Every structure is written in structure tokens, then in C-alpha cells.
Amino acid sequence: MLMIIALVFISLAALLHVYIFYLEVFAWEKPAARKVFGEVSVEELAITRFFAYNQGVYNLLLAIIAGIGVAMRNPALMLAGAGSMIVAAAALALKSPKHRGAAMKQCVFAVIGVVCLVVSLQSA
């Protein structure tokens with residue numbers, strides 16, 4: 001049962017990171033992204049577009065790793081993908097106190113998934 005919960009939550013984490021990829025790569029200067037990431041000036045958006053694009057690609061790669069892990073039921077890939085999501089969220093929270101809420105939203109599915117995965121592996 002815990003393995004199924006882990007698969008569900010790691011899948012949700014992967015889907016969330018695909019959505020973040022979309023926002024950072026394709027919608028950075030559009031209202032949807034501005035609503036999620038906060039209202040900033042058009043000039044700031046233009047300056048940060050390159051960085052958001054690069055970060056979006058990283059988010060997609062994490063989603064792909066976790067997603068392949070789920071599809072293959074491979075614990076190592078699930079831990080690599082979801083664990084990296086958790087570390088990235090922790091880095092954001094530590095570096096920018098005003099973004100701690102966003103960091104929590106970014107990693108909650110991954111944390112639940114990883115905890116369930118590790119517990120299920122320990123009890124197997």
C-alpha cells in the first residue's frame with residue numbers, strides 16, 4: 001500500500017514540475033506565470049527570462065527522472081528525481097525566506113512520496 005502511495009505522490013511531484021517547466025519556459029511573461037511567481041515589472045521579466053528558461057529545463061529533467069522511475073517502478077530513479085526536487089526546494093527556502101511558501105508547495109508531493117517509498121522499501 002505504501003508503494004502505491006509513493007507512486008501516486010511522486011507522479012504528482014513530477015506533474016507539478018512539468019507545470020513549473022511550462023511556466024518558466026513558455027509562459028514566463030504571461031499572466032499565469034506572473035500570478036504564480038509574483039507581479040514583477042516587464043523589465044525584470046525580460047532580464048530574468050534566460051534564468052527562468054534554464055531553471056525550467058532543470059525542473060523538466062527532474063520530472064522526467066521521477067516519471068521514468070514511476071513508470072519502471074525503479075526506486076533508485078524515483079529517489080533521484082523526487083530527492084532532487086526536495087533538495088532544490090530546500091535550497092530555495094534557505095536562500096530566500098520570502099519564497100519558503102513556494103518551496104514547500106514545490107516539494108510537498110515529493111516529500112510524501114519519498115517517505116512512503118523509503119518506508120515501503122524498509123518493510124519489504
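**View 1. Arg100, a partly exposed residue of the predicted model.** In this predicted model, Arg100 has a relative accessible area of 42% and is partly exposed. Arg100 belongs to helix α5. A polar atom of its side chain sits 2.9 Å from the backbone oxygen of Ala93. Tyr22 gives a long-range reference for Arg100: the two are 78 residues apart in sequence. Their C-alpha atoms are 21 Å apart in space.

**View 2. The largest pocket and its lining.** The volume of the largest pocket is about 1,000 Å³. Its lining counts 30 residues. Nearest the centre lie Glu24, Phe37, Gln55, Leu92 and His99. Five helices each supply at least two lining residues: α1 (2-25), α2 (31-37), α3 (42-72), α4 (75-95) and α5 (100-122). Which helix gives the largest share of the lining? Helix α3 does, with nine residues. By class, the lining holds 17 nonpolar residues, eight polar ones and five charged ones.

**View 3. Glu24, a buried acid without a salt bridge.** Glu24 is one of the residues nearest the centre of the largest pocket. Its place is in helix α1. Glu24 is buried, yet no salt bridge is found for it. Where is the nearest side chain of opposite charge? Arg49 carries that side chain, 11 Å away. A salt bridge needs a side-chain nitrogen of Lys or Arg within 4 Å of a carboxyl oxygen, so Glu24 and Arg49 do not form one. What the side chain of Glu24 does make is a polar contact with the side chain of Asn59, at 2.9 Å.

**View 4. The salt bridge between Glu29 and Arg49.** How many salt bridges does a search of the whole structure find? The search returns one. Glu29 and Arg49 form a salt bridge, with their closest N and O atoms 3.7 Å apart. Glu29 lies in the loop between α1 and α2, and Arg49 in helix α3, so the pair ties together parts 20 residues apart in sequence. Glu29 is partly exposed, at 36% relative accessible area. Arg49 is also partly exposed, at 35% relative accessibility. Side chains of opposite charge can pair when their charged atoms come close.

**View 5. Arg73, a non-glycine residue with positive phi.** Arg73 is not a glycine, yet its phi is positive, about 55 degrees. Most residues other than glycine have a negative phi. Where is Arg73 placed? The residue falls in the loop between α3 and α4. Buried or exposed? Arg73 counts as exposed, with 58% relative accessibility.

**View 6. Ser96 and its contact with His99.** Ser96 sits in the loop between α4 and α5. Its relative accessibility is 15%, so Ser96 counts as buried. The side chains of Ser96 and His99 make a polar contact at 2.5 Å. His99 also appears among the residues nearest the centre of the largest pocket.

**View 7. Ser84 in helix α4, set against Glu24.** Ser84 is found in helix α4. At 31% relative accessibility, Ser84 is partly exposed. Ser84 and Glu24 are 60 residues apart along the chain. Their C-alpha atoms are separated by 18 Å. Glu24, by contrast with the partly exposed Ser84, is buried.

Key
Residues numbered from 1 in each chain as written. Predicted model: local features only at pLDDT ≥ 70, side-chain atom pairs only at ≥ 80, totals over all residues. Heavy atoms only, no water. 1 Å grid on protein atoms, 1.4 Å probe; cavity = no way out; pocket = protein on both sides within 12 Å on 5 of 7 lines; lining within 4 Å. Points joined across faces, edges and corners; volume = space filled by probe spheres on them. Helix = DSSP H or I, 4+ residues; strand = E, 2+ residues; numbered from the N terminus. Nonpolar A, V, L, I, M, F, W, Y, C, P; charged D, E, K, R; others polar. Buried < 20%, exposed > 50% of the residue type's maximum accessible area, 1.4 Å probe, protein only. Lys, Arg positive; Asp, Glu negative; His and termini not counted. Polar contact = N/O pair within 3.5 Å; in protein donor to acceptor, adjacent residues only side chain to side chain.
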